[in-house]
Amino acid sequence: MMLTSYDPFAATSAAVRALDQLTGRSGTTTARPLAGMPMDAYRVGDNFVAHFDLPGVDPGSIDLSVEGTTLTISAERSVPQIEGAQWQVAERPFGSYTRQLVLGRSLDTDRLEASYHDGVLTVSIPVAERAKARKITVTRADTPAAVQGHTIEGEQPAVES
């Protein structure tokens, strides 16, 4: 099984952090865009399981799609809109973000299941039946199997002498 992840904002986030350090803005008290979607992934039994940290995300904003062997997860964490609020500190990240995983062909993405609980999205994908280990029975043949001759249409069958 092959698992590849892609964070489209990784380079941007690193550049923003470097700029903050250069301008002395590290430790700022303003909310910042989301930088990623931390993930744990493992195989247990006949299932591939991945957990994604999505704290404060509205479950209705989570979107999962599969195209070929690519699983795309998108989510959004909104900035709270509180009428009359004068923010003193806003450090919690917000915004939309996406993560893509390239899955091995041995997974049955048609039977993918996803659940969201306590800020964690759990995705479970069973291993495809064709990819599971199986035992092949070898039979003993005391005599060679008979082979039947076939001809291609229009040709004369070979004659044994």
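Strand 2, residues 39-44, runs antiparallel to strand 3 and is joined to that strand by six bridges, in what is a predicted model. The hairpin that these two strands form has two residues between the strands, and Gly-45 adopts a positive phi near 60 degrees there, while Val-44 stands opposite Asn-47 of strand 3. The chain as a whole contains one helix and eight strands, and its elements follow the order β-α-β-β-β-β-β-β-β from the N terminus on.

**Overall make-up**

- Of the 161 residues in the chain, 20% are buried.
- When contacts between residues at least 6 apart in sequence are considered, 61% of them join residues that are at least 24 apart.

**Strand pairing**

- Strand 3 also pairs with strand 8, to which seven bridges join it in an antiparallel arrangement, and within this pairing Asp-53 has Val-120 of strand 8 as its bridge partner.
- Strand 5 and strand 6 likewise run antiparallel and are joined by eight bridges, one of the pairs being Ala-75 with Tyr-97 in strand 6.

**The largest nonpolar core**

- The largest nonpolar core holds 18 residues, and the members that touch the most others are Phe-52, Leu-54, Leu-103 and Leu-121.
- At least two residues of this core come from each of strand 3 (47-53), strand 5 (70-77), strand 6 (95-103) and strand 8 (120-126).
- In soluble globular proteins, nonpolar side chains tend to be buried together.
- Leaving aside residues up to four places away in sequence, Leu-54 touches Met-37, Ile-62, Ala-75, Tyr-97, Tyr-116, Gly-119 and Leu-121; two of these contacts, Ala-75 and Tyr-97, are themselves bridge partners across strand 5 and strand 6.

**The two faces of strand 6**

- Side chains alternate along strand 6, with Gly-95, Tyr-97, Arg-99, Leu-101 and Leu-103 pointing to one face, where they are buried.
- Ser-96, Thr-98, Gln-100 and Val-102 point to the other face of strand 6 and are not buried.
- Leu-103, on the buried face, is also among the core members that touch the most others.

**The second largest pocket**

- The second largest pocket has a volume of about 200 Å³, and 13 residues line it, with Val-79, Pro-80, Trp-87, Ala-90 and Arg-92 lying nearest its centre.
- Sorted by class, the lining of this pocket comprises eight nonpolar, two polar and three charged residues.

**Loops at Pro-59 and Asp-118**

- Pro-59 belongs to the loop between strand 3 and strand 4 (63-67), and because its relative accessible area is 48%, this proline counts as partly exposed.
- Although 58 residues separate Pro-59 from His-117 in sequence, their C-alpha atoms are 9.0 Å apart in space.
- Asp-118 is found in the loop between strand 7 (113-117) and strand 8, and this aspartate counts as exposed because its relative accessibility is 69%.
- The phi of Asp-118 is near 50 degrees, which is a positive value in a residue other than glycine.
- Most residues other than glycine have a negative phi.

Notes. Residues numbered from 1 in each chain as written. Predicted model: local features only at pLDDT ≥ 70, side-chain atom pairs only at ≥ 80, totals over all residues. Heavy atoms only, no water. Core = buried A, V, L, I, M, F, W, Y, C linked by side-chain atoms within 4.5 Å. Buried < 20%, exposed > 50% of the residue type's maximum accessible area, 1.4 Å probe, protein only. Helix = DSSP H or I, 4+ residues; strand = E, 2+ residues; numbered from the N terminus. Contact = heavy atoms within 4.5 Å. Pairing = 2+ DSSP bridges. 1 Å grid on protein atoms, 1.4 Å probe; cavity = no way out; pocket = protein on both sides within 12 Å on 5 of 7 lines; lining within 4 Å. Points joined across faces, edges and corners; volume = space filled by probe spheres on them. Nonpolar A, V, L, I, M, F, W, Y, C, P; charged D, E, K, R; others polar.
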